[in-house]
Amino acid sequence: MLLQQLVNGLTLGAVYTLIALSFSLVMGILGILNIAIAELFMIGGFLGFAAIAAGLPLPAAVAVGMAGAAAIAFLIEKIAYQPLRDAPLITPLLSTLGVSIILQNVATNVWGSDPLQLPAEWFDRRFQLGPVSIGAMQLVVIGVTVALVALLAYLVQRTSVGRALRAVAENRDIARLLGVSASRITLLAFMLSGALAGAAGVMISLHYAAITPYVGVETGLKAIAVMVVGGVTRIFGALIAGPLIGIVEVLTVAYGGSQVRDLVVYGLMILILLLRPQGILGGARTDLGQRV
Amino acid sequence: MLSLRGLEVFYGPIRAVRGVDLDVQAGEIVALIGANGAGKSTTVRAIAGLLPFRGEIRFDGRTLQPNAAERNLRAGIALVPEGRGILGRMTVEENLLMGLYGRSDRAEAATDMARMRERFPILRARADALASQLSGGEQQMLAIARALLSRPRLLLLDEPSLGLAPKMSDLVFRLISSLRDEGVTVLLVEQKARQTLRVADRAYLLETGRVVTSGTAAELSDDSLISETFLGGTTGRAQHG
């Protein structure tokens, strides 16, 4: 039973990790919370659903969700962030909040406010590993998350574009002096971030075989908790915090009931922050710069 | 190679640079000297493309646009800013690789990188260390090496000796001298006037955002104003530090 819950928690945690990384990318470059990421996750989910409904295979559905969310992230950067770049930080925060409400409204009008569901037999194959039963979709969620995190880590740590991302995050002026187009890198960060959120949306909605336009708010808030718990200056802190929060959430529901789920999850977040204000991997307390 | 005409730079309502005219010929080392707040750093930051400005900056016959640092680097202007501007959360090697960011000539870039490692053995030895862990002098070497990797035709150096021990400061000045032999044109901002005039061909003295005098290094070494202010005079107009 416990092992089974751990696997379920890992699946949920994998999705939180992806969305937390999505928030971190933009946070690291710009120091702002792009609230609309939560709704990009939701839109990604609907696009994935639509792709599956149209008969596309699963990899194509993930690609559609990622591309769609990245395209919307492009528009968000151009319309709701770029013109406000020199405004106080609260201004782009509010403009992305506005975008997220608009996205939720659009989704409600396009797909309706009732949950959409896939037929029960969709992708319902399960594998029995001793006492643990793993759904094929759970394996996909964990596998795709591992692959995307590895890809992101490679991009950020080993490529010229990744170095440029980190340079802009550390010091925008110095990056520009080295020939980096900070505005192009910012746009790239938005789109990468959108793609990650979109992938997470496709996977969680297919995992539960259901989606509503309101799924973004709740999951997005948890992902922000994951990002904060992971550590202020450590982008990959989410790799520890995501599974941790996912497992705690699933175990709480299994053994304590869903009515105390959020109390435990957010209580844990506050507790960790009280003990380690810099987050699990936050490093020194003086190291409170930007991320990435 | 570089000419400034009527350069004005504002920080909000404050006019930090008030109509500076300045020329740098190819192959020269030209110094900008003056006290804190004279507008030296602001001038080179405007040339590098980090600030909006009024007036005209021409480089190799082309007019430079304000706030266009990325374009100016491609045109051949590199700035080593005050405080060195190293990326402390990256390794020494990664900082050097950032120096190659704008280059597309991969083979030549690799050769330059190898040459730079030979020229600065300390950077090779500490390639995997975080740049923030280097000493001040090593960071300055890294910042200059990184700027040189972009193959600039004009190198702007903003207070490269600031905060360095005398021995390291001498090393930096020797390095600047050697750049001339390699055909790199240098515009050097410094407060250490005596050492600066030793390596420079010509110099401009700035005070409160204006050029108050200029000439060859030899002329300025004999200039009573410079001598009084910077070379051991007692008027105390300059605040070193």
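**Reading helices, a sheet and a chain contact**

Modeller: Let's start in chain B of this predicted model: helix α1 (residues 40–48) lies across β1, β2 and β4 (54–59), running at about 70° to β2(B).

Colleague: Happy to begin there! What is the strand order of the open sheet in chain B?

Modeller: Read the order from one edge to the other. Here four strands follow the order β2-β1-β4-β5, with antiparallel pairing. The edges are β2 (14–24) and β5 (62–63) of chain B, each pairing on one side only.

Colleague: And how many bridges join β1 to β2 in chain B?

Modeller: Strand β1 (residues 2–11) of chain B is joined to β2(B) by eight bridges, and the two run antiparallel. To find your place, look at B:Val9, which stands opposite B:Val17 in β2(B).

Colleague: Now chain A. At what angle do α6 and α8 pack?

Modeller: In chain A, α6 and helix α8 (residues 182–208) pack at about 105°, and their axes are 10 Å apart. Angles of 65 to 115 degrees count as roughly perpendicular, and therefore α6(A) and α8(A) are roughly perpendicular to each other.

Colleague: Which residues of α6(A) and α8(A) meet?

Modeller: From α6(A) come A:Ala164, A:Leu165 and A:Val168; from α8(A) come A:Ala182, A:Ile185 and A:Ala189. By class, that contact has six nonpolar, no polar and no charged residues.

Colleague: Last one: how many residues does each chain bring to the contact between A and B?

Modeller: Chain A brings 15 residues and chain B brings 19 residues. On the chain A side, α6 (160–170) and α7 (172–177) each supply at least two residues, and α6(A) gives the most, with six residues. That side of chain A has six nonpolar, four polar and five charged residues.

Definitions and conventions
Residues numbered from 1 in each chain as written. Chains lettered and ligands numbered in written order. Predicted model: local features only at pLDDT ≥ 70, side-chain atom pairs only at ≥ 80, totals over all residues. Contact = placed C-beta atoms within 7 Å. Nonpolar A, V, L, I, M, F, W, Y, C, P; charged D, E, K, R; others polar. Axes fitted to C-alpha atoms, helices over the stretch in contact; angles between N-to-C directions. Parallel < 35°, antiparallel > 145°, perpendicular 65-115°, else oblique. Pairing = 2+ DSSP bridges.
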